[in-house]
Amino acid sequence: LVIKQYFKNISSAQIQGETTGILKLIVRNNGIILGASIFGATAGELINIIALAMSQNISIQKLTNLHPINPTYSEILVQAVQAWSQQRLNKKHHLQEFLENFFHFRRDWNF
């Protein structure tokens with residue numbers, strides 16, 4: 001999965017007027033972080049957190065325990081984790097719909 005979050009959605013970036021920037025995470029379905037790209041203010045500080053998570057095999061689920069003091073740029077990581085969770089829920093929803101439709105079709109099918 002590819003997760004994109006923009007700096008314009010972060011309160012600290014809005015306060016400082018540094019709303020140009022993006023965080024892009026590449027994550028497996030099981031939560032393992034494969035890579036990241038960050039462009040914008042304090043990108044060096046943010047990439048260190050992600051590099052630590054990658055080197056220690058920390059999954060993105062465990063980053064939900066990260067509670068940054070607001071307002072801060074690391075708030076974008078929390079938003080990325082929430083977006084990842086939402087994408088996983090949406091993917092399962094489509095699978096559930098597919099299976100329901102298949103079984104309804106199967107029940108209505110006369111031999």
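**View 1. Helix H2 lies across strands S2 and S3.** H2 runs at about 175° to S3; axes here are lines fitted to C-alpha atoms, for helices over the stretch in contact, and angles run from 0 to 180 degrees between N-to-C directions. The helices (H or I, at least four residues) and strands (E, at least two) are DSSP runs numbered from the N terminus. Please keep in mind that this is a predicted model, in which local features need pLDDT of at least 70 and side-chain atom pairs count only at pLDDT 80 or more, while totals for chains, interfaces and linings use all residues. Residues are numbered from 1 along each chain as its sequence is written, and side-chain values use heavy atoms, with hydrogens and water left out.

**View 2. Three strands make an open sheet in the order S1-S2-S3.** The pairing in this sheet of 3 strands is antiparallel; two strands pair if DSSP finds at least two bridges between them. S1 and S3 stand at the edges with a single partner strand each, so one side of each has no neighbour in the sheet. On average, neighbouring strands are turned by 10° against each other, direction ignored. If sheets are new to you, strands of a sheet pair through backbone hydrogen bonds, either parallel or antiparallel.

**View 3. Bridges join S2 to each of its partners.** Between S1 and S2 there are 5 bridges, and tyrosine 6 stands opposite isoleucine 22 in S2. On the other side, 7 bridges join S2 to S3. Here leucine 23 has isoleucine 38 in S3 as its bridge partner, and valine 27 has isoleucine 33 in S3. S2 and S3 form a hairpin with 5 residues between them, and glycine 31 in the turn has a positive phi of about 100°.

**View 4. The side chains of S2 alternate between two faces.** Gly21, Leu23, Leu25 and Val27 point to one face and are buried, where buried means under 20% relative accessible area, exposed means over 50%, and partly exposed is in between (1.4 Å probe, protein chains only). Ile22, Lys24 and Ile26 point to the other face and are not buried.

**View 5. The largest nonpolar core holds 21 residues.** Such a core is a set of buried Ala, Val, Leu, Ile, Met, Phe, Trp, Tyr and Cys residues joined through side-chain atoms within 4.5 Å. Phe7, Leu23, Leu25 and Ile60 touch the most other members. Strand S2 (21-27), S3, H2 and H3 are the elements that give two or more residues to this core, and the largest share, 5 residues, comes from H3. For leucine 25, contacts (heavy atoms within 4.5 Å) beyond four places in sequence include Ile3, Ile33, Ile50, Ile60 and Ala80.

**View 6. Phenylalanine 7 and tyrosine 73 form a tilted aromatic pair.** A search of the whole structure finds 2 aromatic pairs. In this one the ring centres are 5.8 Å apart and the planes are at 45°, so the pair is tilted. Rings of Phe, Tyr and Trp (its six-membered ring) pair if their centres lie within 6.5 Å; planes under 30 degrees apart count as stacked, over 60 as edge-to-face and the rest as tilted. The pair links distant parts of the chain, 66 residues apart: phenylalanine 7 is in the loop between strand S1 (2-6) and helix H1 (11-16), and tyrosine 73 is in the loop between helix H2 (43-55) and H3. Both phenylalanine 7 and tyrosine 73 are buried.

**View 7. Phenylalanine 102 and phenylalanine 103 meet edge-to-face.** Their rings lie 5.3 Å centre to centre, with 70° between the planes. Phenylalanine 102, at 38% relative accessibility, counts as partly exposed, and phenylalanine 103 does too at 41%.

**View 8. Serine 74 and glutamine 79 are both buried.** Serine 74 is in the loop between H2 and H3, and its relative accessibility is 12%. Leaving aside neighbours within four places in sequence, serine 74 is in contact with Leu46, Ile49 and Pro68. Glutamine 79 lies in helix H3 (residues 75-108), with a relative accessible area of 16%. Not counting residues up to four places away in sequence, glutamine 79 touches Gln5, Asn9 and Ile10.
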